[in-house]
Amino acid sequence: MIKFNNIIGHITRILYYQFIMANIGYGTLIIKPLKIDNPKLISIGSKTYIGNQSWLMGVNSNGHISLKIGDRVQIGHFAHIVAMENVDIENEVLLADKVFISDCTHNYENISKPVLGQSVRLLKHVIIGEGTWLGENVCVCGASIGKHCVIGANSVVTQDIPDYSVAVGSPAKVIKKYDFKKSEWIKC
């Protein structure tokens, strides 16, 4: 009986998301999200998995899709993704648990107001390139990551990372790049 109820719950969620989101592709699973803000600004491709207690937020005030998640993306539990204007997670990206991605930040300049009472400002559009892997607890704040990159656990990405790179640290620095002539990863 429990298995039957899980299947019914899953089908109900799929039908519900098709009504409220800009797009949700075939075979996509969103497992018990914490929150989905402005779902009409969110587009998710096919065969994508979004883990338990994730928070997806589209903020764009002009009504255009601001959060795009591609096909065959795997997003771990407790992810928090905020798109003020444009966050694009390309196909076959792997995000571990507790990853934070945002193209914006809170203002804090006015010390007479709490941060919560101040506006939010755009940093830079964010693209997470195809085939990239972000480790546990990675934060991406207003920076793009190229295709087929690896970002080490607990890293904070504040500057763009080129294609075929391994980056770690806070702030994240590239420590390896793939050398196509030698067909191997080379330390930087």
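## A walk from the hairpins to the pocket

Start by selecting Y178 and W185: Y178 sits opposite W185, a residue of β22. You're looking at a predicted model, so keep that in mind as you click around.

**The last strands**

Keep Y178 and W185 on screen and add the rest of the two strands. Strand β21 covers residues 172-179 and strand β22 covers residues 184-187; they run antiparallel, joined by four bridges. Now pick D179, and across from it you'll find E184 in β22. The two strands make a hairpin with four residues between them. Click on S183 in that turn and check its backbone: phi is positive, about 55 degrees.

Next, step back along the chain to strand β20, residues 165-169. Five bridges tie β20 to β21, again antiparallel. For a marker pair, select A167 and V174; the latter is in β21 and stands opposite A167. This is a hairpin too, with two residues between β20 and β21.

**Zoom out**

Show the whole cartoon for a moment. The protein has 22 strands and one helix. Its radius of gyration is 18 Å, close to the 16 Å that the globule rule gives for 188 residues, so the protein is as compact as a globular protein of that length. Along the principal axes, the C-alpha atoms fill a box of roughly 55 × 50 × 30 Å. If you colour by accessibility, buried residues come to 37% of the 188. And if you like contact maps: among contacts with a separation of 6 or more, 25% link residues that are 24 or more positions apart.

**The five-stranded sheet**

Select β1, β4, β7, β10 and β15. In that order they form an open sheet with parallel pairing. Which strands stand at the edges? They are β1 (23-24) and β15 (126-128); each has a single partner strand, so one side of each is left without a neighbour in the sheet. Go to the β1 edge, where strand β4 (residues 42-44) pairs with β1 in the parallel sense over two bridges. I24 is a handy one to label there, as it stands opposite I44 in β4.

**The six-stranded sheet**

Now swap the selection for β3, β6, β9, β12, β17 and β19. This is an open sheet of six strands in that order, also with parallel pairing. Its edges are β3 (35-37) and β19 (156-157), each with a single partner strand, so one side of each is left without a neighbour in the sheet. At the β19 end, two bridges join β19 to strand β17 (residues 139-141), and the two run parallel. Label C139 and V156 to see a facing pair, with V156 in β19.

**Last stop: the largest pocket**

Turn on your pocket surface. How much space lies in the largest pocket? About 230 Å³. It is lined by 13 residues, and those closest to its centre are V82, S102, C104, H106 and V120, so show these five as sticks. Two or more lining residues come from each of β6 (55-58), β9 (80-83), β12 (100-102) and β13 (104-106). Of the elements, β13 gives the most, with three residues. Finally, colour the lining by residue class: nine are nonpolar, four are polar and none is charged.

Notes. Residues numbered from 1 in each chain as written. Predicted model: local features only at pLDDT ≥ 70, side-chain atom pairs only at ≥ 80, totals over all residues. Heavy atoms only, no water. 1 Å grid on protein atoms, 1.4 Å probe; cavity = no way out; pocket = protein on both sides within 12 Å on 5 of 7 lines; lining within 4 Å. Points joined across faces, edges and corners; volume = space filled by probe spheres on them. Nonpolar A, V, L, I, M, F, W, Y, C, P; charged D, E, K, R; others polar. Pairing = 2+ DSSP bridges. Rg over C-alpha atoms; globule rule 2.2 N^0.38 Å. Buried < 20%, exposed > 50% of the residue type's maximum accessible area, 1.4 Å probe, protein only. Contact = heavy atoms within 4.5 Å.
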